[in-house]
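Subject: Structure for you to look at

Dear colleague,

I am passing on the structure we spoke about, and below it you will find my notes on what came out of the analysis. Please read them with the model open beside you.

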Amino acid sequence: MVGHINDKGVTELGVGLISVGWMGKLHSRAYQAIPLVYPELNLRPRLVHAADTAPDRVDYAREVLGYSRGSTDYRDVLADPEVDVVSICAPNLLHREIGVAAAKAGKAFWIEKPVGRDAVDTAAVAAAADAAGVTTSIGYNYRHAPAVERIRELVANGELGRITNVRAVFFNGYASEPNGALSWRFKRDLAGSGALGDLLSHVVDLMQYVVGPITDVSGLLSTVHQQRPILPMGQATHFAVIEDGELGDVENDDYAAALVRFSADSPGAGAVGTLEASRVIVGPQCGLAFEIYGTEGSASWNFEQMNELKLALGRTGPNQGYTTILGNASQGEYAAFQPGPGNSLGYDDLKVVEAKKFLVAVTGGEQRNSTIQEALADAEVIAATAASAVDGQWHQVPRVPGATFGHETVQAASDA
């Protein structure tokens, strides 16, 4: 068993963190929130060891976040016998190295998406995790939004009828400023793809989670801002703006799009759709949104209005068109955070849900967390989209064994 049970019957889990940036802070706060939000689980994460190449971030991890120890070498975290689970929040180029090392060290790990620069990196991490038999969880946090969980149920239960088509986008303006810094996210050897892997991967994961496996894609990529001012690694973030700086080339895509077909043996039952992502768009700030259309109804959601969904049921009658439904206790994990309907959850709360699902799986409970197999299935869609953008042809997406996205569980529940 991972962790140990103390004299009060609470399971304590030692936490290690690799990379103390924005996402590392979110992971840390999510672990700390578990006893408060989910006291019934009797889980108590303990922040043990954090690592970062920047000494000031190591100091921050100890002095502010509350980690007992700090290091500038991630290997020290993996070698620490008090660390039971590890959060890997490093840049994409390090995901393969650190993920494989964590698996070989026998540590369950929660790693940020897209798990490496490409499907080859993700497959290597998946193979190492499978060989070691460690529990994994992936940072696809948007799937945990209560409204998303509710729409997923509507699809799985057939309340929208046969799903005919979907539209899904992630329009994010984080790189819309032409003088936005040339961070690692814009370099192919560091990040791999651009908006394709960074943003469209979220869209792909959501659609595979809500609708079903994607089987075929046709892709298109575009780079809008060809050069940006150079930002040294580890200084500021990709939101930084640099005036009159030395320019460097942007090496990956600003915009990505895909036409997709869904598997016939899934809740989506042969649906088709369009997926888009842009990191340079002006207007939407975190515009992750989707529309699901079926023969008996439709549903839509936008992260910028995260706590509400729009639902239309039936083709005729006095209430045609969309009804707006506010967040309430019937949706996903909503009740763990708020006592009544209409009270809002935020981005950080989704990471708490993600931490909860990870730790429940680690300690032998139900497997509702995103897994490395699902991350690989998402990466295969991204790889097929990139290949299609080069040759202009439709590409078939390889199926990944074990990547069910929980559809079997949902279907079983609806049949009960």
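How much space lies in the largest cavity? About 80 Å³ lies there, where a cavity is a set of points on a 1 Å grid over the protein atoms alone at which a 1.4 Å probe fits but cannot get out, and where a volume is the space filled by probe spheres set on the points, which are joined across faces, edges and corners.

Before going further, please note that this is a predicted model, in which local features need pLDDT of at least 70 and side-chain atom pairs count only at pLDDT 80 or more, while totals for chains, interfaces and linings use all residues. Residues are numbered from 1 along each chain as its sequence is written, and side-chain values use heavy atoms, with hydrogens and water left out.

The search of the whole structure finds two cavities of 30 Å³ or more. Among the residues that line the largest cavity, meaning those with an atom within 4 Å of a point, are Q208, P213, I214, R399 and F405, and its lining divides into eight nonpolar, one polar and one charged residue. Here Ala, Val, Leu, Ile, Met, Phe, Trp, Tyr, Cys and Pro count as nonpolar, Asp, Glu, Lys and Arg as charged, and the others, Gly among them, as polar. The second largest cavity has a volume of about 50 Å³, and its lining, which includes N92, W184, D198 and R279, has three nonpolar, four polar and three charged residues.

The protein chain is divided into domain 1 (4-138) and domain 2 (142-339 + 368-396), with bounds that come from an automatic or database domain assignment. Their centres, taken over C-alpha atoms, are separated by 25 Å, and 21 residues of domain 1 are in contact (heavy atoms within 4.5 Å) with 26 residues of domain 2.

The largest nonpolar core, a set of buried (under 20% relative accessible area, 1.4 Å probe, protein chains only) Ala, Val, Leu, Ile, Met, Phe, Trp, Tyr and Cys residues joined through side-chain atoms within 4.5 Å, has 116 residues, and those with the most contacts inside it are F109, M207, I292 and W301. This core draws at least three residues from each of domain 1 and domain 2. Not counting residues up to four places away in sequence, M207 touches V166, A168, G212, F262, L275, F290 and I292.

With best wishes

Notes: 1 Å grid on protein atoms, 1.4 Å probe; cavity = no way out; pocket = protein on both sides within 12 Å on 5 of 7 lines; lining within 4 Å. Buried < 20%, exposed > 50% of the residue type's maximum accessible area, 1.4 Å probe, protein only.
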